[in-house]
Every structure is written in structure tokens, then in C-alpha cells.
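Here are my notes on the model you sent. They go from the overall fold to single elements.

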Amino acid sequence: MKMFKRVSLFLLTNLLVLVTISVVLSLIQAFTGINLYGGQMSGLLVLCAVWGMGGAFISLLLSKFMAKRMMGVQIIDPATVDPRERDVINMVYNMATRAGLEKMPEVGIYESPEVNAFATGPSRKNSLVAVSTGLLSRMTRDEVEGVIGHEVAHIANGDMVTMTLIQGVVNAFVMFFARIAAKVIASQADEKAQGAL
């Protein structure tokens, strides 16, 4: 059941990304008159840029929600009295304060035997730090604090946005050059087929 829920959320997210980008492309075509699906290189470049950057930014906006659902992250109540949870909350809040974050990240724990932690979220004011149960059970307090410091540094430095920008540019270029390569290969295949006749 849990796997079905994860796959369903993944498919729903991708469907919403496709619909959103399709609407944006339709609006660009309507207002600029650029033929996005014709043979123009400028149209192809705009199409690839919107799909590449749009998909990356929609993924960033959904990252916190999706991480919670896909990983099964249980958000820790800041007023918890559980000693292990209280310790994790205090570590994150102390690190976030030292890093100058205006709004404290949400803090969560997820069930996994792996030693792992992550930070995600669309901005410094809307972020999440999550640690695995495996990390908490197999590392010392100082080691856990070091891992949490690393994750809070990702938030403080805006690493999620930086990686999204890089992902968007790479997506756009890969799509653009893949379409050009496909046109070249298709035209060469047509020439060979014409020559064989």
C-alpha cells in the first residue's frame, strides 16, 4: 500500500508538471507569436528552456511536500518531551540560529536502517531537515550534530535553489541538443532512403 501511494504521488506530480508547463507554453506562444513547435531554432530554444527550467522549479516547489510523503517523514512537534526528538530539535534550532536563518526549518525523522539525512525546501524560510532512524541509532551525538550542521548549511547557502538552476540549464541544453541531433539523424536517414531509391 505504501509503495502504491508513493508511485501515485510521483505520477500525479509529474502529470501536474506537464499540465503546468503546457499551459505556460501555450501562453508564451499566444502572446509572443513564436511558433514553438515549428522549425524555428528560437522557438525550439524557448520550448526547451521553459520545459527544462519549468520542470526544475516546479520540482523545487514540491520538494518538501514530496520528501515528506515519499520518505514517510514524521515531523517532530517542537514541544516534544521525547528525549531523542528533543535533542534533534535542539541541534537543528541551534545550528539554524548560528547560520542566521530567520525561520527555523521543520524537523523530521523517517524510518530507515540507512545512515542518512537530508535538507530540502524551496527557500530558506520554507525548509525541512530530516534524519533517518538508522543515523540516530548508529552515530554518536557529536556525529549526529555534525550531519545536522551539514544539512542546515545547505539551507543557509541556498543550495537547493542553486542546484535547481543548474538542473534547469542542463535540462534545457540536453533537450535542445537532443532535438537538433534527432533532426540531423532523421535528415541523414531520409537522404539514405532517397539514395536507395
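1. Two strands are said to pair here if DSSP finds at least two bridges between them. By that rule, strands E3 and E4 form a hairpin, with two residues between them. Please keep in mind throughout that this is a predicted model.

2. Overall make-up. The protein has six helices and four strands. Read from the N terminus, the order of elements is α-α-β-α-β-β-β-α-α-α. Of the 197 residues, 35% are buried. The protein exposes about 11,700 Å², and carbon and sulfur atoms supply 65% of that area. Taking contacts between residues at least 6 apart in sequence, 58% join residues at least 24 apart.

3. The hairpin in detail. E3 covers residues 117–123, and E4 covers residues 126–132. The two strands pair in the antiparallel sense, over five bridges. One bridge can be looked up directly: Ala117 has Val131 in E4 as its partner.

4. Is strand E3 enclosed or exposed? Buried here means under 20% relative accessible area. Six of the seven residues of E3 are buried, so the strand is largely enclosed by the rest of the structure.

5. Helix H5. This helix runs over residues 141–156, which makes 16 residues. At 1.5 Å a residue the helix should span 22 Å, and its end C-alpha atoms are 22 Å apart, so the two values agree. Just after H5, Gly158 takes a positive phi of about 70 degrees.

6. What covers H5? The buried residues of this helix are covered by elements that include H3, E3, E4, H4 and H6. The residues in question are Val144, Val147, Ile148, Gly149, Glu151, Val152, Ile155 and Ala156. Both strands of the hairpin are thus among the elements that cover H5. The helices in that list are H3 at 83–98, H4 at 133–138 and H6 at 159–196.

7. A nonpolar surface patch. Leu12, Leu15, Leu16, Val19, Val23, Leu27 and Phe31 make a nonpolar patch of about 700 Å² on the surface. One of these residues, Val23, is found in helix H1, which covers residues 2–32.

8. Why does Val23 count as partly exposed? The partly exposed class lies between under 20%, which is buried, and over 50%, which is exposed. Val23 has a relative accessible area of 45%, so it is partly exposed.

Notes
Residues numbered from 1 in each chain as written. Predicted model: local features only at pLDDT ≥ 70, side-chain atom pairs only at ≥ 80, totals over all residues. Heavy atoms only, no water. Buried < 20%, exposed > 50% of the residue type's maximum accessible area, 1.4 Å probe, protein only. Expected span 1.5 Å × (residues − 1). Contact = heavy atoms within 4.5 Å. Patch = residues over 30% accessible without salt bridge, like charges linked within 9 Å, V, L, I, M, F, W, Y side chains within 5 Å. Areas by Shrake-Rupley, 256 points an atom, 1.4 Å probe, with all protein chains shown as cover. Salt bridge = Lys/Arg side-chain N within 4 Å of Asp/Glu carboxyl O.
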